[in-house]
Amino acid sequence: MKNSFRLLAILLAASFTLTFCDKDDEATPATLYDRLGGIAAISAVTDQFLTNVVGDNVINARFAATVANPARTQLLRNNLIDQICAGSGGPCQYKGKTMLESHKGMNITDAEFNALVGDLVAALDKFNVPQKEKDELLAILGPMKSDIVGK
Ligand code: HEM
């Protein structure tokens, strides 16, 4: 009898632990950064994104000088990775210019902005990023449009 009380107490304690101490608890949802797959996945998506941009006749002329200069290409890549990483709640720090500073004087059109977003979506699709995460990332980048288009 004493032993079955002890067993009951152990079972109750175990079920309490499983119910209330679950580390994957809804109260601490993963950041978008984590759900995207962290820095490795963000770097892979960024590389594909840049490949798509270079192959996109609507906007690739804008990046001709960048592509011709490996150091400049590398810097743009790193800035984009940091920007996506930081924006999605990851441990990076964006160290580039503001969106207004870096696109000022370019007079970028709506069509060009949409083309670049399309190139990013195609990269996310290539890596099977789910719709929810795609939408969340685009919701972070979308508001930057007013500092990029028509400046
Ligand atoms: C949400 C949309 C966009 C984001 C997040 C974005 C992000 C960036 C970032 C982080 C940089 C680097 C800033 C630095 O050097 O400190 C940059 C530079 C640049 N962006 Fe954008 N951009 C966007 C849209 C566009 C569009 C639509 C175009 C043209 C079609 C464009 C053309 C450029 C060019 C030509 C540079 C200079 C690259 C270089 O330094 O060689 N961007 N952008």
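How many nonpolar, polar and charged residues does the shell around the ligand have? In this predicted model, the shell divides by class into 13 nonpolar, six polar and four charged residues. Altogether, 23 residues surround the ligand, and the closest of them are Phe 63, Thr 66, Arg 72, Lys 97 and His 103.

To see where this shell belongs in the protein, begin with the open spaces of the model. The ligand sits in the largest pocket, and the elements that give two or more residues to the shell around the ligand are α5, which covers residues 70-87, α6, which covers 99-103, and α7, which covers 110-126. Of the elements, α5 gives the most to the shell, with five residues.

Some of the closest residues can now be followed atom by atom. A polar side-chain atom of Arg 72 lies 2.5 Å from an oxygen atom of the ligand, whereas in Lys 97 a backbone N or O atom lies 2.7 Å from an oxygen atom of the ligand. For His 103, a polar side-chain atom lies 2.9 Å from a nitrogen atom of the ligand.

His 103 deserves a second look, and the place to find this residue is helix α6. The ligand contains an iron atom, and the only protein donor of that iron atom is His 103, through its atom NE2, at 2.0 Å. His 103 is thus described in two ways, as the residue with a polar side-chain atom 2.9 Å from a ligand nitrogen and as the only protein donor of the iron atom.

Definitions and conventions
Residues numbered from 1 in each chain as written. Predicted model: local features only at pLDDT ≥ 70, side-chain atom pairs only at ≥ 80, totals over all residues. Heavy atoms only, no water. Near = heavy atom within 4 Å. Polar contact = N/O pair within 3.5 Å; in protein donor to acceptor, adjacent residues only side chain to side chain. 1 Å grid on protein atoms, 1.4 Å probe; cavity = no way out; pocket = protein on both sides within 12 Å on 5 of 7 lines; lining within 4 Å. Sits in = over half its atoms within 2 Å of the grid points. Helix = DSSP H or I, 4+ residues; strand = E, 2+ residues; numbered from the N terminus. Nonpolar A, V, L, I, M, F, W, Y, C, P; charged D, E, K, R; others polar. Donors = N, O, S within 2.8 Å, 3.2 Å for Na, K, Ca; no water.
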